[in-house]
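Biologist: Hey, could you walk me through this one? I'm new to reading structures.

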Protein chains: 2
Amino acid sequence: MTPESAPPRTTVGRPGATSHAEIEQAAFDLFTDRGFDQTTMGDIADAVGVGRRTLFRYFPSKNDIPWGQFDRTLEAFRLILDQAPRDIALHEAVHRSVVTFNAFPDDARPPHRDRMRLILSTPSLQAHSVLRYADWRRVIVEFVARRTGQDPTDALPRTVGHVSLALALSAYESWLEQQSSSITTLLDEAMAELRWYLK
Amino acid sequence: MTPESAPPRTTVGRPGATSHAEIEQAAFDLFTDRGFDQTTMGDIADAVGVGRRTLFRYFPSKNDIPWGQFDRTLEAFRLILDQAPRDIALHEAVHRSVVTFNAFPDDARPPHRDRMRLILSTPSLQAHSVLRYADWRRVIVEFVARRTGQDPTDALPRTVGHVSLALALSAYESWLEQQSSSITTLLDEAMAELRWYLK
DNA sequence: ACATTAATGGCACTCAGCGCCACAATGCAA
DNA sequence: TTGCATTGTGGCGCTGAGTGCCATTAATGT
């Protein structure tokens, strides 16, 4: 779908004028400088040195830029879940996988925390992110369905998907406020809070 | 904020040309007829017999129309929570309140199920709804903070808010698929599923 | 050279949303 | 009755996202 989603098997034809990473970086600089809403696609195109029309071939919308190539990381998430040991409880398998998935490399560009801060503090991005979250949930839903022998449309997998996202979002919001704790710790704490809440 | 958010204390000045309810109804007819994305604000304005510009004085955006006057129902939600007995567990108080809040009157126009189906099956509305969900969560967060003597920015209230929304969304999705069960039953089941999941 | 392939980017269009402002329709006061 | 303050209407024109169309460009392969 996106130009780079599959590794370029041929080098035939005109080469791309830019890359997802380059656009992401240039856009992020503008976003942090003058704000997301105050940055137009034209601004970004100028910064990259490319036509506005071309930008839309790399990212389907302006809202998609801060998420980068999230669909690719989801495949990693799928693998992490599948590698979870069979002898631990379902909630344990999911929880550990979520923790592993969110243990981002420190050298991520743009930095993971800055990216999440932008997403979670910009209303239009908060809204758009639901569509990304849905993809993320689907990975969990399918995993739970497989492990429990249920259908992905059944109630249990769906509920687990929603609740897992809820815990992750709660942890991320805490993470952005208090820079002291790690996201791993905060995910653990969110789970503990849920258990306390349910008595 | 919205023209009718406060009961019109004075009858001075030019009377309104339409109402939230009328716009909602006309828009909903068009949405079901040709689809949400295929309906422009101009179409709705024509159907109501009013200027396009006027529509934006009743609803801040096209995405807000299907939600109607949700902010008003949130005040009812707040009251429901406050009336919860002091001697039951926190999670019980929240759960019962959510059930009560979602026991919509049968004669709601447009019908509650149709409205939710539109919202939950239209991507742009799904996205926009996050902002509404945030308001809904805030009501729960503030309640939990009050009952536990914590701050609304603390982790526990926030986690409860997110998880409560997760359960509600899961129940609603089931509700739209299988028309047999009541939303009350499905909310109960979602809670039961969560308990089963956590072992 | 020349065909093929694949990406670029300009142009023109639709539509949401907003600022501005002249104007219309009401109540009230003189 | 006349004027005035008040409040909503709606037209105009703009910005900016997103899209379809398509000529152009830059590479490879024969």
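Modeller: Let's go through the two protein copies, the DNA contacts and then some aromatic rings. This is a predicted model, where local features need pLDDT of at least 70, side-chain atom pairs count only at pLDDT 80 or more, and totals for chains, interfaces and linings use all residues. Residues are numbered from 1 along each chain as its sequence is written, chains are lettered from A and ligands numbered from 1 in the order written, and side-chain values use heavy atoms, leaving out hydrogens and water.

Biologist: Okay, what rotation superposes chain A on chain B?

Modeller: A turn of 180° with 0.0 Å of shift along the axis does it, with an RMSD of 0.1 Å. That's how a two-fold axis relates things. The fit is by least squares on C-alpha atoms of residues with pLDDT of at least 70 in both copies.

Biologist: Which residue of chain A comes closest to that axis?

Modeller: A:Ala127, with its C-alpha at 2.3 Å. Both copies use the same surface, too: 100% of the contact residues of chain A recur in chain B (contact means heavy atoms within 4.5 Å).

Biologist: Switching to DNA: how many residues surround strand C?

Modeller: There are 26, and the closest are A:Val50, A:Arg57, A:Tyr58, B:Arg53 and B:Lys62. A residue is near the strand if one of its heavy atoms lies within 4 Å of it. They split into 9 nonpolar, 9 polar and 8 charged. Here Ala, Val, Leu, Ile, Met, Phe, Trp, Tyr, Cys and Pro are nonpolar, Asp, Glu, Lys and Arg are charged, and the others, Gly among them, are polar.

Biologist: What does A:Tyr58 touch there?

Modeller: A polar side-chain atom of A:Tyr58 sits 2.6 Å from a phosphate oxygen of DNA strand C. Over on chain B, a polar backbone atom of B:Met41 is 3.2 Å from a phosphate oxygen of that strand.

Biologist: Now the rings. How are A:Phe101 and A:Phe104 arranged?

Modeller: Their centres are 6.3 Å apart and their planes at 75°, so they're edge-to-face. Rings of Phe, Tyr and Trp (its six-membered ring) pair if their centres lie within 6.5 Å; planes under 30 degrees apart are stacked, over 60 edge-to-face, the rest tilted.

Biologist: And is A:Phe101 buried or exposed?

Modeller: A:Phe101 is buried at 9% relative accessibility, while A:Phe104 is partly exposed at 28%. Buried means under 20% relative accessible area, exposed over 50%, and partly exposed in between (1.4 Å probe, protein chains only).

Biologist: Which residues share a cluster with them?

Modeller: Ring pairs link A:Phe77, A:Phe101, A:Phe104 and A:Trp136.

Key: Polar contact = N/O pair within 3.5 Å; in protein donor to acceptor, adjacent residues only side chain to side chain.
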